Amino acid sequence: MVTFPVPVNLADKLAQFSELWSQKKVAELNDYEVKLAKLKGEFVWHSHENTDELFLVISGRLTIQLRDGDAVLGPGELFVVPRGVEHCPVADEETAILLFEPAGTINTGDAGGPMTKAAETFN
């Protein structure tokens, strides 16, 4: 029996969790994952050698620090960090984002450390 996809309500999914810096997978597209996360504070400087990383701000404000300057995003704005570019996300207020990246991408990239977490799937 074939199961058909159903629409994903991002607001409903965001209401189901409060943990910061934890990625929640909401969809798959080919070899990519669409993930939600809530951020507050500063992450770690890192890069992803083999993939670009798309950040879309749903609510709040996100600064993506880059060695050559910062990208500041508000709701409805997105930014693609090119592969191999070192970056550090910072949110002064709680910020909800959508990430789009290849399945299995490690959130801390080449940095590793205590903030490394695998993406979780919603039930």
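**Exercise 1. Gln 16**

Classify Gln 16 in this predicted model: is Gln 16 buried or exposed?

*Solution.*
Step 1. Take the relative accessible area of Gln 16, which is 51%.
Step 2. Apply the cut-off: exposed means over 50%.
Step 3. Gln 16 is therefore exposed.

**Exercise 2. Placing Gln 16**

Which elements flank the loop that holds Gln 16? What separation do the C-alpha atoms of Gln 16 and Ala 27 have?

*Solution.*
Step 1. Locate the loop. Gln 16 lies between helix 1 (10-15) and strand 1 (24-29).
Step 2. Count along the chain. Gln 16 and Ala 27 are 11 residues apart.
Step 3. Go through space. The C-alpha atoms of Gln 16 and Ala 27 are separated by 16 Å.

**Exercise 3. Partners of strand 7**

Find strands that pair with strand 7, and give a residue pair for each.

*Solution.*
Step 1. Start with strand 2 (residues 32-42). Its pairing with strand 7 is antiparallel and spans 10 bridges. Within this pairing, look up Lys 38: its bridge partner in strand 7 is Ala 96.
Step 2. Move to strand 3 (residues 53-59). Strand 3 also runs antiparallel to strand 7, with five bridges. Leu 54 has Phe 100 of strand 7 as its bridge partner.
Step 3. Finish with strand 4 (residues 62-66). Four bridges link strand 4 to strand 7, again antiparallel. Here Ile 64 sits opposite Pro 89 in strand 7.

**Exercise 4. Cover on strand 7**

How many residues of strand 7 are buried?

*Solution.*
Step 1. Set the range: strand 7 covers residues 87-102, 16 residues.
Step 2. Use the cut-off: buried means under 20% relative accessible area.
Step 3. Read the count. In strand 7, 12 of the 16 residues are buried, and the strand is mostly covered.

Technical notes. Residues numbered from 1 in each chain as written. Predicted model: local features only at pLDDT ≥ 70, side-chain atom pairs only at ≥ 80, totals over all residues. Heavy atoms only, no water. Buried < 20%, exposed > 50% of the residue type's maximum accessible area, 1.4 Å probe, protein only. Helix = DSSP H or I, 4+ residues; strand = E, 2+ residues; numbered from the N terminus. Pairing = 2+ DSSP bridges.
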